[in-house]
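Reader: Before we discuss individual labels, could you show me the model and then explain how each label was reached?

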Amino acid sequence: MHADAVSYVCRRLHADAPRKARPRRAVFPEASQEGWFCTHQRMMLSPKPVVPLVIHSLPLGPFETNAWVLLPARGSVTVVDPGMEPQALLDLLQELGRPVERILLTHGHLDHVAGCAALRRHWDCSIHLHPEDLFLYRSLVEHGAWYGFQLEAAPENTQPLAHGLRFAVGDEELEVLATPGHSPGSVCLRMESETGPALVCGDTLFAGAFGRTDLPGGSFRTLKASVLREIFTLSGATRLLPGHGPSTTVEVERRGNPLLMLDEGDEG
Ligand SMILES: [Zn+2]
Ligand SMILES: [Zn+2]
């Protein structure tokens with residue numbers, strides 16, 4: 001039982017990250033037969049099994065932007081991309097009865113950040129986004145007006161996201177992957193959920209589609225490179241949780257996403 005728990009954790013940490021150093025094969029006779037095994041981690045782990053996250057999603061606002069609530073077995077929650085018209089999200093959070101510790105933003109577009117101010121009124125939570133997207137985050141009111149929306153300014157005092165940064169969410173941990181292209185500061189968030197490995201991927205990749213690259217700071221060449229480097233190298237079973245539309249998996253998108261059919265020279 002203990003070996004299974006250890007094997008599970010080590011797979012979580014390593015098996016779906018081939019860009020990192022390949023961990024060693026299992027060398028302990030009691031270890032599970034499946035997967036790779038990291039003896040270093042095994043030494044450090046407590047026998048307590050890790051409880052994966054429950055991930056709630058809610059499509060919010062006129063763009064039906066998916067907001068994500070990362071709910072650990074105990075303790076405060078993390079919210080990803082609180083979008084426009086966040087009342088349903090506020091209702092869910094009140095129902096869960098847990099404080100919001102932080103907001104993580106996959107990028108700075110208005111439909112992903114417009115709910116930050118409303119959440120900040122209820123919880124003293126930190127807000128994190130990649131510095132390359134601050135120019136979008138700070139233009140929320142102006143960009144809203146272009147679309148005919150009256151939006152509240154995004155709160156100041158954000159904290160920077162960077163590639164490789166990790167956050168503890170309850171007993172779990174999530175990792176930030178920099179995936180520029182849809183916007184210069186787009187990131188994805190890799191974690192282990194109750195149903196296996198998951199990646200909250202913002203507007204970088206969708207089920208059967210990918211994020212537009214004709215907005216300020218966008219680049220098709222950069223987006224394709226990000227997807228090939230950071231997403232398509234994950235295990236095929238990794239669930240992709242995009243900023244709009246239904247979830248998919250790395251395996252499905254690696255087989256048929258139209259991004260693969262387009263040349264890197266097809267800018268725009
Ligand atoms: Zn976007
Ligand atoms: Zn979006």
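**Contacts, core and exposure**

Author: In this predicted model, Leu199 touches Cys188, Leu189, Arg190, Ile231, Leu234, Thr238, Leu240 and Leu241, once residues up to four places away in sequence are left out.

Reader: What makes these residues count as touching Leu199?

Author: Two residues are in contact if their C-beta atoms, placed from the backbone, lie within 7 Å, and Leu189 and Ile231 are among the residues that Leu199 touches.

Reader: Which residues of the largest nonpolar core touch the most other members?

Author: Of its 54 residues, they are Leu189, Leu199 and Val200, while strand β2 (residues 65-71) supplies the largest share of this core, five residues. In soluble globular proteins, nonpolar side chains tend to be buried together.

Reader: Why is Arg254 called partly exposed?

Author: Arg254 has 16 other C-beta atoms within 10 Å; a residue is buried at 20 or more and exposed at 12 or fewer, so Arg254, with its 16, falls in between and is partly exposed.

Reader: Where does Arg254 lie, and which residues does Arg254 touch, not counting residues up to four places away in sequence?

Author: Arg254 belongs to helix α9 (residues 250-256), and with those sequence neighbours left out it touches Phe232 and Gly236. The C-alpha atoms of Arg254 and Thr233 are separated by 9.3 Å, although the two residues are 21 residues apart along the chain.

Reader: How many helices and strands does the protein chain have, and what percentage of its residues count as buried?

Author: The protein chain has nine helices and 14 strands, and of its 268 residues 42% count as buried.

Conventions:
Residues numbered from 1 in each chain as written. Chains lettered and ligands numbered in written order. Predicted model: local features only at pLDDT ≥ 70, side-chain atom pairs only at ≥ 80, totals over all residues. Helix = DSSP H or I, 4+ residues; strand = E, 2+ residues; numbered from the N terminus. Core = buried A, V, L, I, M, F, W, Y, C linked by C-beta atoms within 7 Å.
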